[in-house]
Amino acid sequence: MPAKYKLSYFEERGRAEILRLLFAGAGQELKDERLTGDSWAVFKHKTPYGQMPLLTVDNKTIINQTGAIARFIAREFGLYGTDNMESSKCDVIFETYNDVFTELIKVFFEQDEAKNAEYGKKLNTEVLPKYFAFMAKLLKENGGKCLVGSKLSLADVAFFDMLDKITGSKVMGADLYKDFAEIKRFFENVQKLPKIKSYLDKRQPSDL
Ligand SMILES: N[C@@H](CCC(=O)N[C@@H](CS)C(=O)NCC(=O)O)C(=O)O
């Protein structure tokens, strides 16, 4: 019998969205549990680190830490490349996604106007151009469709979620894709993949 998966997180996309997208991209069923402040307060004390996301497998085994969950899902559903080297390439992109996420939440949560502007500037002029140049090179070398190998992988989903988060955020510069047409194309192509599209079409709006 196939395993049963439940993902617990808040209502937002946040750290859980990459995991939801991995399930969607693999066409696998997921119980997408969204906790509110009150239900989280009760559940928090029963979790390993008092944090989410958490993936519960077959109603018993709980996996915490986003990266561990993402790799588990990728291995379960064949989204982790075809050999050790391809898995490492997926890891490189996943860690890059993490670095961008860290910078993005700094901007997102900073209340001080001057600091917020400073973080936003750093993101737009240093962080993203550096990572985009690397991703654009990978895409070009690999035929433009996927970042690793010849089919959807954790690398594509991680980069897609990164682009989705920054494209939808207010902190992002308007000319994001100016020098990176291949990245824009990649983003639009992933958006149109039937399994991803059907998930995106039903998704609730979210700021991050
Ligand atoms: N390193 C952890 C960080 C998890 C984390 O910071 N979770 C936050 C939400 S994004 C959380 O659960 N906050 C609620 C709390 O601490 O009560 C991971 O990647 O899963």
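Here are some short exercises with worked solutions on this predicted model.

**Exercise 1. Find the domains and describe how they touch.**

Solution.

Step 1: Start with the division of the chain. Domain 1 covers 5-78, and domain 2 covers 84-192.

Step 2: Now look at the spacing. Between the C-alpha centres of domain 1 and domain 2 there are 22 Å.

Step 3: Count who takes part. Domain 1 brings 8 residues to the contact, and domain 2 brings 8 residues as well.

Step 4: Ask which elements of domain 1 are involved. Helix 1 (17-26) and helix 3 (66-76) each supply at least two residues of the side that touches domain 2. Helix 1 gives the most there, with 5 residues.

Step 5: Check the chemistry of that side of domain 1. You'll find 5 nonpolar residues, 2 polar and 1 charged.

**Exercise 2. Work out the strand order of the sheet and say which strands stand at its edges.**

Solution.

Step 1: Write down the order. The 4 strands make an open sheet that reads 2-1-3-4, and the pairing is mixed.

Step 2: Read off the edges. Strand 2 (31-35) and strand 4 (61-64) each have a single partner strand, so one side of each has no neighbour in the sheet.

Step 3: Add the twist. From one strand to the next, the twist averages 25°.

**Exercise 3. Sort the strand pairs into parallel and antiparallel, and match up some residues.**

Solution.

Step 1: Recall the background. Strands of a sheet pair through backbone hydrogen bonds, and they can be parallel or antiparallel.

Step 2: Take strand 1 (residues 5-10) with strand 2. These two run parallel and are joined by 5 bridges. Tyr-9 has Arg-34 in strand 2 as its bridge partner, while Ser-8 has Glu-33 in strand 2.

Step 3: Now go to the other pairing of strand 1. Strand 1 and strand 3 run antiparallel, with 4 bridges between them. Lys-6 stands opposite Thr-56 in strand 3, and Ser-8 stands opposite Leu-54 in strand 3.

Step 4: Finish with strand 3 and strand 4. Again 4 bridges join the two, and the strands run antiparallel. Leu-54 turns up here too, opposite Asn-64 in strand 4.

**Exercise 4. Locate two residues with a positive phi that are not glycine, and one cis peptide bond.**

Solution.

Step 1: Go to the hairpin made by strand 3 and strand 4, which has 3 residues between the strands. Asp-58 sits in this turn with a positive phi of about 50°, although Asp-58 is not a glycine.

Step 2: Is Asp-58 buried or exposed? It has 11 other C-beta atoms within 10 Å, and the cut-off for exposed is 12 or fewer, so Asp-58 is exposed.

Step 3: Move on to Gln-65, in the loop between strand 4 and helix 3. Phi of Gln-65 is near 75°, which is positive in a residue other than glycine. With 16 other C-beta atoms within 10 Å, Gln-65 is partly exposed.

Step 4: Look for the cis bond. A cis peptide bond joins Met-52 and Pro-53, with omega about 15°. Pro-53 belongs to the loop between helix 2 (37-44) and strand 3.

**Exercise 5. Describe the largest nonpolar core and explain where it lies.**

Solution.

Step 1: Pick out the well-connected members. The core has 48 residues, and Leu-19, Leu-22, Ala-70, Leu-154, Ala-158 and Phe-159 touch the most other members.

Step 2: Trace the elements that contribute. Those supplying at least two residues each include strand 1, helix 1, strand 3 (54-57), helix 4 (84-109) and helix 5 (113-141). Helix 6 (154-168) is also on that list, and helix 6 gives the most to the core, with 9 residues.

Step 3: Place the core. Domain 1 and domain 2 both give residues to it, so the core lies between them.

Step 4: Zoom in on Ala-70. Leaving out residues up to four places away in sequence, Ala-70 touches Ile-18, Leu-19, Leu-22, Phe-94 and Leu-154.

**Exercise 6. Find Leu-138 and judge its surroundings.**

Solution.

Step 1: Look in helix 5, where Leu-138 is found.

Step 2: Count its neighbours. Leu-138 has 19 C-beta neighbours inside 10 Å, and buried would need 20 or more, so Leu-138 counts as partly exposed.

Step 3: Compare positions along the chain and in space. Leu-138 and Val-148 are 10 residues apart along the chain, and 8.1 Å separates their C-alpha atoms.

Note on methods:
Residues are numbered from 1 along each chain as its sequence is written. This is a predicted model: local features need pLDDT of at least 70, side-chain atom pairs count only at pLDDT 80 or more; totals for chains, interfaces and linings use all residues. Domain bounds come from an automatic or database domain assignment. Two residues are in contact if their C-beta atoms, placed from the backbone, lie within 7 Å. Ala, Val, Leu, Ile, Met, Phe, Trp, Tyr, Cys and Pro count as nonpolar, Asp, Glu, Lys and Arg as charged, and the others, Gly among them, as polar. Two strands pair if DSSP finds at least two bridges between them. Axes are lines fitted to C-alpha atoms, for helices over the stretch in contact, and angles run from 0 to 180 degrees between N-to-C directions. A nonpolar core is a set of buried Ala, Val, Leu, Ile, Met, Phe, Trp, Tyr and Cys residues joined through C-beta atoms within 7 Å.
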